[in-house]
Amino acid sequence: MCSQNDLNSIKRVAKKKISPAEKIASVHIDFDKDNVLPELNDGDLGEIGLKQNKPVLLKKSVIDRNRTEHSDLTDEDFQNVIANALYSPSEIFKANREKPYYTFVKPMKISKRNGLDEYGIVLLDVDEKKDNFEIVHWHWINAENIEKLKK
């Protein structure tokens with residue numbers, strides 16, 4: 001899990017309000033361990049109907065699973081998706097009826113995908129009983145598939 005130093009650092013940053021751009025710039029994922037990322041933007045938190053903000057946890061087991069399932073993407077691609085979709089989403093929608101999962105979506109371009117318009121998406125567990133919000137999954141998707149996710 002996260003070290004006490006990581007948690008203390010995040011708590012200090014959380015007390016100081018930082019802009020979405022600062023949050024995006026602060027995302028530096030260590031792909032060899034659990035990572036604690038900044039809290040969600042207040043407006044996005046309100047959009048999903050929550051009042052208490054929490055740091056976002058990215059577990060090493062989720063990193064490993066994503067690397068296996070999406071081996072065509074680089075670590076830089078993954079970091080770009082997570083940072084931009086979480087802290088500058090174009091839309092957020094409920095992703096699961098049984099679980100408190102929300103999908104954060106951000107339009108992006110990625111050259112290795114034939115220059116097509118793609119969207120970075122992050123699936124986030126916002127269970128209020130947990131100490132952190134937790135990233136469940138992230139990847140690239142096209143507009144047609146986003147509409148399918150919303151159904």
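Which residues does Ile-121 touch, not counting residues up to four places away in sequence? In this predicted model, Ile-121 touches Val-81, Thr-103, Phe-104, Val-105, His-137, Trp-138, His-139, Ile-141 and Leu-149. Ile-121 lies in strand β5, which covers residues 117–125. Its relative accessibility is 6%, so Ile-121 counts as buried, the cut-off being under 20%. Ile-121 and Ile-92 are 29 residues apart along the chain, and their C-alpha atoms are separated by 9.5 Å.

The next topic is charged side chains. Side chains of opposite charge can pair when their charged atoms come close. The structure holds eight salt bridges. The table gives three of them.

| Salt bridge | N to O distance |
|---|---|
| Arg-65 and Glu-69 | 3.9 Å |
| Lys-150 and Glu-91 | 2.6 Å |
| Lys-130 and Glu-134 | 3.7 Å |

Lys-150 belongs to helix α6 (residues 143–150) and Glu-91 to strand β3 (residues 91–94), so this pair ties together parts that are 59 residues apart in sequence. Lys-150 is partly exposed, at 36% relative accessible area, and Glu-91 is partly exposed at 28%.

Arg-65 and Glu-69 are both in helix α4 (residues 60–69); because they are four residues apart there, about one helical turn separates them. Arg-65 is partly exposed at 34% relative accessibility, and Glu-69 is partly exposed with a relative accessible area of 46%.

Is Glu-134 buried or exposed? Glu-134 has 15% relative accessibility and therefore counts as buried, whereas Lys-130, its salt-bridge partner, is partly exposed at 29%. A network of salt bridges links Lys-130 and Glu-134 with Lys-59 and Asp-125.

Key:
Residues numbered from 1 in each chain as written. Predicted model: local features only at pLDDT ≥ 70, side-chain atom pairs only at ≥ 80, totals over all residues. Heavy atoms only, no water. Helix = DSSP H or I, 4+ residues; strand = E, 2+ residues; numbered from the N terminus. Buried < 20%, exposed > 50% of the residue type's maximum accessible area, 1.4 Å probe, protein only. Contact = heavy atoms within 4.5 Å. Salt bridge = Lys/Arg side-chain N within 4 Å of Asp/Glu carboxyl O.
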